[in-house]
Amino acid sequence: MANAPHEAMHRIFQEYPGLFSRLSEVLGVAFPEPTTTEILTNDLTENQPLERRVDTLLRIETERDGPFLLAVEAQGRKDPDKHASWAYYFSYLLAKYRLPTTLLVVCQDRATAEWAARPVPLGAPQWPVLTLHPLVAGPHNIPLVTDVAEARKDLALATLSAITHADNPDVGAILKALSTALRDAPETIANPIVELTAQGLGNRPAAQQWRNLVAVDLSFYTSPLSEEIRDEGRALGEARGQAKSLLMMLDLRGVVIPDEAREKIIGCTDTELLDRWFTRAATATSAEEIFAGE
């Protein structure tokens with residue numbers, strides 16, 4: 001099932017197709033330098049009811065070795081059924097385009113990456129017809145880009161580093177290097193990276209670190225994420241003001257507010273709920289009356 005990290009792990013190759021040529025060096029495989037890249041349809045469905053879709057499919061042109069296809073799959077967990085799907089993708093693409101085809105699998109955890117990297121013989125045990133052997137990028141072989149100069153030199157690879165190392169204890173250093181490097185980048189370059197990084201981190205703790213960095217280091221950008229953070233900040237400020245006014249009213253009226261109730265009011269970020277409490281506080285004689293029915 002597709003989720004935000006899944007989408008980011010393959011969409012980054014749509015946004016930055018040239019990333020694969022640098023990544024192939026990291027993976028220890030020599031691919032020719034691309035001259036042009038075209039995003040092809042990812043729909044591999046035949047007329048039959050069976051539907052097959054590769055995550056991202058690119059046609060990459062090279063100067064001397066001709067074109068080849070790159071199919072990018074984002075894999076979040078071990079799935080034995082994927083071997084048959086990947087073999088189908090490869091066979092279908094070869095039959096349709098008659099071009100050399102490479103399958104790249106991008107993972108966020110080492111166990112899944114190691115599973116995906118194992119060669120899988122397909123066919124009868126006595127005589128396998130072919131061996132599935134995709135290229136795999138993940139936390140086991142993508143470098144931790146924690147140096148600002150390195151991040152600035154290749155922003156796309158630094159973004160992939162953050163995504164694939166989302167669970168690494170040192171991911172904060174990667175995110176800090178990336179956010180610092182983005183300060184010098186035009187918005188047209190920085191905005192997609194800000195969003196892809198947030199998407200790739202998903203609901204992990206590192207996602208909040210990234211939001212904090214965007215709020216501080218990249219506060220001058222107008223990406224959807226930065227706008228969302230600003231809206232949250234404005235809403236939080238409004239809620240804090242309401243809570244302060246509510247407590248002030250209760251103090252002036254001489255209503256005793258226990259510490260637990262005071263903390264509940266201060267910690268509330270729901271402005272509509274604070275409005276209801278404020279209305280009740282005008283006549284309430286105890287904290288219990290303020291929270292009645294909640």
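In which handedness of crossing does α6 pass α7? I opened the notebook with this point, bearing in mind throughout that the model is a predicted one. On looking it up, I found that the crossing of α6 past α7 is left-handed.

**Entry on α6 and α7.** I took helix α6 as residues 155-164 and helix α7 as residues 171-182, and noted that their axes come within 9 Å and cross at roughly 155°. Since angles over 145 degrees count as roughly antiparallel, I therefore entered α6 and α7 as roughly antiparallel to each other. From the α6 side I listed Leu155, Ala158, Thr159, Ser161 and Ala162, which meet Val171, Ile174, Leu175, Leu178, Ala181 and Leu182 in α7. Sorting this contact by class, I have 9 nonpolar residues, 2 polar ones and no charged ones.

**Entry on α1 and α6.** I then turned to the contact of α6 with α1, where the two axes come within 10 Å and cross at roughly 170°; α1 and α6 are therefore also entered as roughly antiparallel to each other. Here I found Ala8, Met9, Ile12 and Phe13 of α1 meeting Ala156, Thr159, Leu160 and Ile163 of α6. The residues of this contact divide into 7 nonpolar and 1 polar, with no charged residue among them.

**Entry on a salt bridge in α1.** I looked next at Arg11, which forms a salt bridge with Glu15, and I recorded 3.5 Å between the closest N and O atoms. Because Arg11 and Glu15 are 4 residues apart in helix α1, about one helical turn separates them. For the model I noted a count of 8 salt bridges.

**Entry on the sheet.** I traced an open sheet of 5 strands, in the order β1-β2-β3-β4-β7 and with mixed pairing. The edges are held by β1 (34-39) and β7 (135-137), each of which has a single partner strand, so one side of each is left without a neighbour in the sheet. Averaged over the sheet and with direction ignored, neighbouring strands are turned by 25° against each other. Following β7 inward, I found that strand β4 (residues 101-107) runs parallel to β7 and is joined to β7 by 3 bridges, and that Val105 stands opposite Val136 in β7.

**Entry on the helix against the sheet.** Finally I noted that helix α1 (residues 4-15) packs on this sheet, touching β1, β2 (56-62), β3 (68-75) and β4, and that the direction of α1 makes about 160° with that of β3.

Definitions and conventions: Residues numbered from 1 in each chain as written. Predicted model: local features only at pLDDT ≥ 70, side-chain atom pairs only at ≥ 80, totals over all residues. Heavy atoms only, no water. Pairing = 2+ DSSP bridges. Helix = DSSP H or I, 4+ residues; strand = E, 2+ residues; numbered from the N terminus. Axes fitted to C-alpha atoms, helices over the stretch in contact; angles between N-to-C directions. Contact = heavy atoms within 4.5 Å. Parallel < 35°, antiparallel > 145°, perpendicular 65-115°, else oblique. Left-handed = near helix turned anticlockwise from the far one by under 90°. Nonpolar A, V, L, I, M, F, W, Y, C, P; charged D, E, K, R; others polar. Salt bridge = Lys/Arg side-chain N within 4 Å of Asp/Glu carboxyl O.
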